[in-house]
Amino acid sequence: MKPIKNNKVLMVILVSGLLFTYGCGHSSGGDGNYKAENVLGGSNNPATVTNSVASPADMKAGDIYTVVTDQNSPAIIDMAGVASTAQFILAVSVLDSDQSTRTIQLSDENAAPDMAAPIKASEDMSWKSYDANEALDQQLRGAELELSVDPSTQKAGTEAAGLAKAMLLSESVPAVGSTSTFKVLGGLSSLSSYTTVTGTVKCVGEKVIFYVDNQVADKNPSDLTDTDVTSLCQSFDATAKTEIALLGEPSDVNHDGHLTVLMTPQVNLLGSMGGGIITGFFFANDLYASANSNQQEIIYTLVPDSNGTYGMQIPKSFAMDNLLPAVLPHEFQHAISYNQKVFINGVSSEENWLNEGMSHLTEDLMGYGQENPSRVEVYLQDPASYGPVTA
């Protein structure tokens, strides 16, 4: 992992009286919103991550306000103009390379000294700012388990063969420069909350198609140039072919013969709401003809964000060298696994712990397992708290 500057980030998310609730339980809804929500428990009409703003007073439900500080300076959050009834989520994250302990002290300059509230100092403030990604992966895998055994779900698309499929493929592969809209997960407390983004095709490989959310060109074009995307696309196209040879074919519900990769700041915003980083995800709901499905094989990834426009500052070099090359084969394994287990062999999707283990192993096998040694180290430091086989 390349060394980068230590950054502490305080992210304030206005939830308008609604705090995240993760519970057990099931609902009996029959529509395509589904089912993912069953895994998380109930329908709480959650806040959707929508925007980043300049001050807490400007925030509406779902907005994010970010304060970045270094090791020597305090981070000031000015609550002037904020309604007394407003409720917030305060997320503290650290992106660094040395896995060192951080101590955070919350205080109010107008409050008595004993009102200062310390946040527990532990390794939770170092590499584990990636926990948001691990937690989301577990939610998605749990939802996929329900999808895979639900007789009411219908695979998107229809089967085609021979010449008919070849003709369909030639017509359905988009050209560089074409645009499309996508539904992207909009919050973390429900898998039924989505937002719509528009992406432009930047690269078409033999196995993969890369789209970039148009917001990137509007706000931070230098963070992700066409050259950057083409390089990542060509590298992953080669990796995808190796991965298919090793693990098997993914599905092809839209008959374009490709895996879609959508690079979007919406993934950055999701990580911010979770108090860390979500590098990317795959969700098998996109393979079904259901609500909020994009009806294609698709991986969603974050974008480099050197200015912290969407929450955590993510330097371009760190994203391009460490995060993105690893997340693509990781999430592709989930797509392959779902097809092999559910669509081909007609059984339920893989167990959560083994599915995640296979994806982390795939990172190593493809040569991109930079973060895996850190996970092993954390386990070895406290094996009583981290089981090797766990949901």
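Modeller: One term before we start: pLDDT is the predictor's confidence in each residue, from 0 to 100. In this predicted model, local features need pLDDT of at least 70 and side-chain atom pairs count only at 80 or more, while totals for chains, interfaces and linings use all residues. Residues are numbered from 1 along each chain as its sequence is written, and side-chain values use heavy atoms, with hydrogens and water left out.

Colleague: OK, what pLDDT does the chain average?

Modeller: The average is 77, and 70% of the residues score at least 70. Residues 1-8 are below 50, yet that stretch has 35 contacts (heavy atoms within 4.5 Å) in the model beyond near neighbours in sequence.

Colleague: And how many contacts does the model have for residues 158-164?

Modeller: Four, counting beyond four places in sequence, and the pLDDT of residues 158-164 stays under 50 as well.

Colleague: Zooming out, how many helices and strands does the chain have?

Modeller: Nine helices and twelve strands, taken as DSSP runs numbered from the N terminus (helices H or I, at least four residues; strands E, at least two). Of the contacts with a separation of 6 or more, 73% join residues 24 or more positions apart.

Colleague: What percentage of the chain is buried?

Modeller: Buried residues make up 50% of the 391. Buried is under 20% relative accessible area, exposed over 50%, and partly exposed in between (1.4 Å probe, protein chains only).

Colleague: Which residues have the most contacts inside the largest nonpolar core?

Modeller: Phe210, Phe236, Met263, Phe281 and Phe332, in a core of 63 residues. Such a core is a set of buried Ala, Val, Leu, Ile, Met, Phe, Trp, Tyr and Cys residues joined through side-chain atoms within 4.5 Å. Helix α7, residues 316-344, gives the most to this core, with twelve residues.

Colleague: And what is Phe332 in contact with?

Modeller: Leaving aside neighbours within four places in sequence, Phe332 contacts Phe236, Ala240, Glu243, Ile244, Pro250, Leu259 and Ile299. So Phe236, one of the residues with the most contacts in that core, turns up again in the Phe332 list.

Colleague: Let's switch to cavities. How many are there of 30 Å³ or more?

Modeller: Five. The largest has a volume of about 180 Å³. A cavity here is a set of points on a 1 Å grid over the protein atoms alone where a 1.4 Å probe fits but cannot get out, and lining residues have an atom within 4 Å of a point.

Colleague: Which residues are closest to the centre of the largest cavity?

Modeller: Asn133, Thr279, Val327, Glu363 and Arg375, out of 15 that line the largest cavity. α2 (131-149), α7 and α8 (352-365) each give two or more residues to the lining. α7 gives the most, with six. That helix also gives the most to the largest nonpolar core.

Colleague: Now α6: is it mostly covered or uncovered?

Modeller: Mostly covered: nine of the nine residues of α6 (265-273) are buried. Among them are polar-looking names such as Gln266, Asn268 and Ser272, alongside Val267, Leu269 and Leu270. After α6 comes Gly275, with a positive phi near 80°.

Colleague: Where is Ile277 then?

Modeller: In the loop between α6 and β11 (280-282). Ile277 counts as buried because its relative accessibility is 2%. Its C-alpha is 8.5 Å from that of Val267, ten residues away along the chain.

Colleague: What about the phi of Asn292?

Modeller: It's positive, near 65°, in a residue other than glycine. Asn292 is in the loop between β11 and β12 (298-301) and is buried, with a relative accessible area of 14%. Gln295 is in the loop between β11 and β12 too, with a positive phi near 50°, but Gln295 is partly exposed at 35%.

Colleague: Last one: why does Val176 count as exposed?

Modeller: Because its relative accessibility is 56%. Val176 is in the loop between α3 (162-172) and β7 (179-185). Not counting residues up to four places away in sequence, Val176 touches Val201, Lys202, Cys203 and Val204. Val201 is 25 residues away in sequence, but the C-alpha atoms of Val176 and Val201 are 4.9 Å apart.

Colleague: And where does Asp226 lie?

Modeller: In helix α5, residues 226-247. Asp226 is partly exposed at 45% relative accessible area, and its C-alpha is 8.5 Å from that of Cys203, 23 residues away in sequence.

How values were computed
1 Å grid on protein atoms, 1.4 Å probe; cavity = no way out; pocket = protein on both sides within 12 Å on 5 of 7 lines; lining within 4 Å. Points joined across faces, edges and corners; volume = space filled by probe spheres on them.
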